Amino acid sequence: MTAETGRWIRNFVAGQFVEPDENRSFDKTDPATGRVFARVHEADRDLVDRAVSAARRALHDGWATTPVRERAALLRRAADRIEERFEEFVAAEVADTGKPVTQARELDVARALTNFRTFADVVAAAGQESFLTDLAGGRQALNYAVRKPLGVVAVVVPWNLPLLLLTWKVAPALACGNALVVKPSEETPATATLLADVLAEVGLPAGVYNVVHGFGDSAGEYVTSHPGIDGVTFTGSSATGSHVMKTVAPRVRPVSFELGGKNAAVVFDDVDIDEALAGLTRSVFTNTGQVCLCTERVYVQRSVFADVAEGLAERARSLRLGDPLDERTTTGPLISRTHRNKVLNYFELAEQAGAKVLTGGGVPQLGPGLAGGSWIEPTLWTGLTNADRPVREEIFGPVAALIPFDTEAEAIALANDTEYGLAASVWTNDLRRGHRVAQSMNVGMAWVNTWFLRDLRSPFGGVGLSGIGREGGESSLHFYTEPTNVCVQL
Ligand code: NAD
């Protein structure tokens, strides 16, 4: 490690941080500046084996049968401790991602606390299904399900909302008594590692939470294909999800997949335009468009198309790109140069397909300190159709295509014309239309006159290429447990 890289980000196995190995490590770069600020110890197969064994041991040593109230209390202590170390988590998340510090505070780290507190409540309130069955001759049988932990769960997460998405899985999985082997994204290893420290501080037994770092085709695949894993919960791209499914298939393990999206917004001409523009600005540009729920297709009723296009472009131009630690910054960089090249390739494809660029379309000049970062301009297009690749494929950047429609039926058909099915938003002041159109969206989550508003007890997930299964509230408890039904003849 050179003096410049400063520090190690280490693996955490069996309750201990593992001594790093210089020969098996990679640089961690700040996406805002391009500067290397840490080295990450990459887990090899042997370390993944040790993590899986430690998790199995922890289950057998009593974690799986810990009373629910103790597990719920531990989750609450974890939330309290994250709150005490709040700014450390914020700093780690900002350094890893380049996201604006205000967003890290208000969304990423705030949601981590809420994830732990919500699942402490959900698990404490959960009951068991039971049925009294009438039998011939007036007798009855009592059926009831006993829910047991799934076991050793592989948790594989992406880089866009690292701590938020990690704790969205870790909190319910721990609430249900599972032991975990976590593989964070190679782009964002820091907060999963800091969380290991917090969970140890609040008394989580050694081996229940393990972190192994590395790339998808090494550490990621060692974890998901490991014979000691009882289930995989994965958030990431649809292509990786499909691949992980194959690695899990030989052992027929349950999977929960939260995958990509190509989300539509449908804007009707009866809407309050300012309210819709404020919502669309959030839904297209939050986290530099790197949220699975972000809108990349905006269908607008023809009579308000020009107003919406102009209004949204004006708001896009007023976004403030810059130093993530400056509280006035609204928009950070993309996660990496590799990802920026992918997004820029879609910019080119859009122009080749005849797009008119309303705003953006390139790389901004942000001054010397940020010149090495992965910055990109917030971008809007008109002139494309659903046949064009930039309208069909997930881009995962601060960009959307605006497309006009005339009738409600046409809007529904256009929005549903996709292989993805994660989220949609409908913007209208007509109450009946709002419900009607939202219900007809072929997605896991549809919003009316809002976006990314979440009650964590409600189901979250997608259809088609966007995933398998739902998490959130009871849905999470169902995934992270296996029921044994007991039938007693009375
Ligand atoms: P990715 O699929 O490249 O990587 C996700 C994680 O999987 C990383 O930790 C990666 O190292 C690991 N991985 C990669 N290949 C693997 C393999 N062969 N075996 C095991 N693990 C492997 O995704 P990304 O680029 O990190 O994240 C962006 C994607 O995530 C987008 O498609 C986005 O829509 C999606 N996403 C979905 C949701 C959701 O809730 N539906 C939320 C956030 C992000």
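In this predicted model, helix α7 supplies the largest share of the shell around the ligand, with 4 residues. Helix α7 spans 216-224, and along with strand β11 (231-235) and helix α8 (238-248) belongs to the elements that each give at least two residues to this shell. By residue type, the shell around the ligand is made up of 13 nonpolar, 12 polar and 5 charged residues.

Turning to the wider setting, the ligand is found in the largest pocket. Domain 1 (8-259 + 466-489) and domain 2 (263-455) both contribute residues to the shell, so the ligand lies between them.

A closer look at individual residues helps to fill in the picture. There are 30 residues around the ligand, and those that come nearest are K183, E186, T240, L259 and E394. Two of these names return among the polar contacts. For K183, a polar side-chain atom lies 2.7 Å from an oxygen atom of the ligand. For E394, the distance between an N or O atom of the side chain and an oxygen atom of the ligand is 2.5 Å. The side chain of S237 also takes part, with an N or O atom 2.9 Å from an oxygen atom of the ligand. As for the ligand surface, the accessible area of the ligand on its own is 850 Å², and the protein covers 90% of it.

Methods:
Residues numbered from 1 in each chain as written. Predicted model: local features only at pLDDT ≥ 70, side-chain atom pairs only at ≥ 80, totals over all residues. Heavy atoms only, no water. Near = heavy atom within 4 Å. Polar contact = N/O pair within 3.5 Å; in protein donor to acceptor, adjacent residues only side chain to side chain. Areas by Shrake-Rupley, 256 points an atom, 1.4 Å probe, with all protein chains shown as cover. 1 Å grid on protein atoms, 1.4 Å probe; cavity = no way out; pocket = protein on both sides within 12 Å on 5 of 7 lines; lining within 4 Å. Sits in = over half its atoms within 2 Å of the grid points. Nonpolar A, V, L, I, M, F, W, Y, C, P; charged D, E, K, R; others polar. Domains from an automatic or database assignment.
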